[in-house]
Amino acid sequence: MDLRQGTGLRKLGKTADEFQQDLLSNLFYRRGTTVESASARDAYETLSLTVRDRLAERRARTAAAHYASNPRWVYYLSAEYLLGAQLEQNLLYSGTGDLAAEAVKALGFSLEDLEDLDVEPGLGNGGLGRLAACLVDSLATRDIPAVGYGIRYDLGIFRQIITENGQTELPDDWAFHGNPWEFPAPDDRQAVGFYGHTEPIPGSETRKIWVPGEIVLGEPSHMLVPGYGTETVNIVRLWSAKASEASFDLSRFSAGQYAEAVQEAVRAENISKVLYPDDSTELGRELRLKQQYFLVSCSLRDIVRRFRLRNEGWDTFAEKTVIQLNDTHPTIAIPELMRLLVDEYELEWDRAWEITRKTFAYTCHTLLPEALETWPVRMFEKLLPRHLEIIYLINMLFLREVEARFPGDHDRLRRMSIIGEEGERRVRMAHLAVVGTEAVNGVAELHSKLLRETVLDDFAELWPAKFQNVTNGVSPRRFIKIANPRLSDLITEGLGGEGWLRDLDRLAELEHLAGDASFAERWQSIKRANKVDLGLGDPDSLTDVMIKRFHEYKRQQLKLLHVITLYHRIRANPGGDWIPRTILFAGKAAPAYHAAKDIIRLIATVAARIEADPVVSPYLKVVFPSNYNVTLAERIIPAADLSEQISLAGKEASGTGNMKLALNGAITIGTLDGANIEIRARVGAENFFLFGMDAYQAAQTRINGYDPRHFYEHDAELRAALDTLASGIFGDVGHRVAGSLLGWDEYLTLADYRGYIEAQEEVERAWREPARWTRMSILNTAHSGFFSADRTVADYAARIWRVAPVPVQHED
Ligand code: OX2
């Protein structure tokens, strides 16, 4: 029996009968119940296990193939993963959807009932976390040996309830009923130190001993990440904080001090208790820094352990390992690897530095200055004293390099230093990430260019070859095949097969069908049917969606000004030939981001007012479903006609919702920002509603002294909209939002207002010609194949990771 290949295992069934038997045996032996008494949850858990078993078998073959080839590995370090619901994905990726439907029917349930019980793990905030999930999907699909490392937060992104009072947050105990998709691996536990002090080692200048003041255990569990249309199953390994036995104070317990007895343990386990619900902003709390180091320390030790299973010494470490840092959150991995190599494995500093620099690569996801993480030196020193010493040494040697290239340029040294000296001294994580890596990339062409020209210009001048662009992408399986089965079937029929799901450029062949009247008619009726399914408005109305995190730079407030303008226009001319619109907003705001929460509340209030207005409501409906997450996105995206991507140019690094919507045939109204530019270039300017300043004009407008009141005074419709907001009918929130727009308007909303309204008029002209609209919609899908995450991963693999696929053998 060949244990390693997993071929000694009993074969898992391929027929309906065999699947059914496996399901029953899981019901009896693993769930401990019977057919007669099985609840929906029993059925769900059992089905999940049965599907998981099939992936586990592939996982065993994957591990065997990887073990045998000792390949170069990609390790993706990310503080966030928004994996989305697992059941439907895993049914698809294991090809067991039909078998499962039949088998659960025999238990008296429908697949849809059970899918409703499948809770998505909300271990991320927004685009950055969902990108991580799309990339691990594509890594497996491309047969690249990879592990994603993250944190298993007990509480994910908060559950949101929207009422007329705005957003309320509730804790998201996503694994309350357990999580059938994960495998705990307590044996691979790691111990992580915090606080304490360092001690010199006599005779060594660079090595030190770190004596931590607190030790916390990290316990991993993993979720399976199957590739689509291939045998590979990779994993995402998530760490949970566990108190060590010693942290329970038995003597206090015996003395009746129950709370004090567990105090230390509670503190330790708080590290992975909750995801910080902020997006694109820096937080700066010690617990967050603890989370970051916890992730990094556990993951690096695991990476080293895995390397040592197959290799000896350190000569080949950087050859066999590439670690991608998803934004700066895991950047402490750089000094941590130095610490492991120098202090624990006793390598010379220079050699350790060479290995470290070659091992890491860094993806930056923002340009917003407030999102560039920095940590107070004092906090760092207290929590990670040894790491701070290492950072100082890295910085000293780095600044020497800069000084050698630009002698006497002190201002440059100050600008580039890893330690910021303005005000309170702070560690600049983005600088550390650039200095300690081999490659740095932005996430869309414009973003990468602006990184080189602005935020990281000094670094780009020093190391031009280090800077690259890798435009983001999304999973076509989750966001077309699963989310939009009707459209997928039509595409498959039109292209004569499902090959497009692994090679999304093939969508381009749909171009020939754009002029085919019957194809176009089916295209249109699918969109309508998806709107009926969504059930949030008249399916014949123009469904206009803005779905994303709430942030002032994304400018939901500009969309709101459009809503009020429409409201005024309809009231002024109730008999007009108005196009019925359903405007859908969805998204969360960080709980402490008051300006964004004001905008949510204002939208909810305006929506109610419109609803109650008999003159306007036949034409205009504003809906705001609660709790936007991956699952809800999968329902909204297929139903969208118009995709709102209206951030101030130069602020949205990429966007990925824009890609998902275009792929599903929504037409974008947007600025020249992030990936919008690349979408427009591909789908064609005539199939995209463009408006607004570009990034350079926006920057120039600010420099020239921007005055929002100028636009207020010179545009009667804009004035009317702002006056309505400020009139008091929407209470204090109306005042505050209008006040901020008129007072400062950080994101130049008023300057882009007129252009936006005109672009919306162009939208309406196009909508009045259904054949033209449908053609535009088909062409958006046809020319968005570039935005597959499979292409993104291929780009990383070729230009940054330099890794090759390792195919996994089929079961024989
Ligand atoms: C987001 C960016 O805001 C968004 O533009 C991008 O598409 C996404 O990351 C994936 O690259 N936190 N979230 C982001 O950046 C940060 C920081």
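The buried residues of helix α3 are L87, E88, Q89, N90, L91, Y93 and S94. In this predicted model, these account for seven of the eight residues of the helix, which spans residues 87-94, so α3 is largely enclosed by the rest of the structure. The enclosure can be traced to particular elements, since the buried residues of α3 pack against the helices α2 (40-69), α4 (97-106), α5 (111-115) and α19 (476-482), as well as against the strand β11 (214-226). The helix is followed by G95, a residue whose phi is positive, near 65°.

Confidence in the prediction was examined for the protein chain and for the model. The protein chain has an average pLDDT of 96, with 99% of the residues scoring at least 70, and the model is assigned an ipTM of 0.99 and a pTM of 0.98.

The protein chain is divided into domain 1 (1-69 + 87-119), domain 2 (70-85 + 120-471) and domain 3 (534-787). The centres of domain 2 and domain 3, taken over C-alpha atoms, are separated by 35 Å, and the contact between these two domains takes 39 residues from domain 2 and 30 residues from domain 3. On the domain 2 side of this contact, at least two residues each are supplied by α6 (127-141), β5 (159-163), β6 (166-170) and α17 (445-455), and β5 gives the most, with five residues. By class, the side of domain 2 that touches domain 3 comprises 14 nonpolar, 17 polar and eight charged residues.

The strand β5 was then considered in relation to its partner. A hairpin joins β5 to β6 through two residues, and the two strands pair in the antiparallel sense over five bridges, with I162 standing opposite Q167 in β6. The side chains alternate along β5, such that Q160 and I162 point to one face and are buried, whereas R159, I161 and T163 point to the other face and are not buried.

Residues of this hairpin region also appear among the contacts of A604, a residue located in helix α23 (residues 594-611). Leaving aside neighbours within four places in sequence, A604 is in contact with I162, T163, E164, G166 and F624. A604 counts as buried because 20 C-beta neighbours lie inside 10 Å. By contrast with these contacts, A604 and R425 are 42 Å apart in space, C-alpha to C-alpha, and 179 residues apart in sequence.

An open sheet is formed by six strands in the order β22-β21-β20-β23-β24-β25, with parallel pairing. The edges of this sheet are occupied by β22 (620-623) and β25 (689-690), each of which has a single partner strand, so that one side of each is left without a neighbour in the sheet. The partner of β22 is β21 (residues 581-586), to which β22 is joined by four bridges, the two strands running parallel; within this pair, I583 stands opposite V622 in β22.

V622 is also one of the residues touched by V606, which, not counting residues up to four places away in sequence, touches L560, V563, I564, V622 and F730. V606 belongs in turn to the largest nonpolar core, which has 231 residues, and is listed with V74, V136, A333, I603 and I636 as having the most contacts inside that core.

Notes. Residues numbered from 1 in each chain as written. Predicted model: local features only at pLDDT ≥ 70, side-chain atom pairs only at ≥ 80, totals over all residues. Core = buried A, V, L, I, M, F, W, Y, C linked by C-beta atoms within 7 Å. Buried ≥ 20, exposed ≤ 12 C-beta atoms within 10 Å, placed from the backbone. Contact = placed C-beta atoms within 7 Å. pLDDT = per-residue confidence, 0-100. Domains from an automatic or database assignment. Nonpolar A, V, L, I, M, F, W, Y, C, P; charged D, E, K, R; others polar. Pairing = 2+ DSSP bridges.
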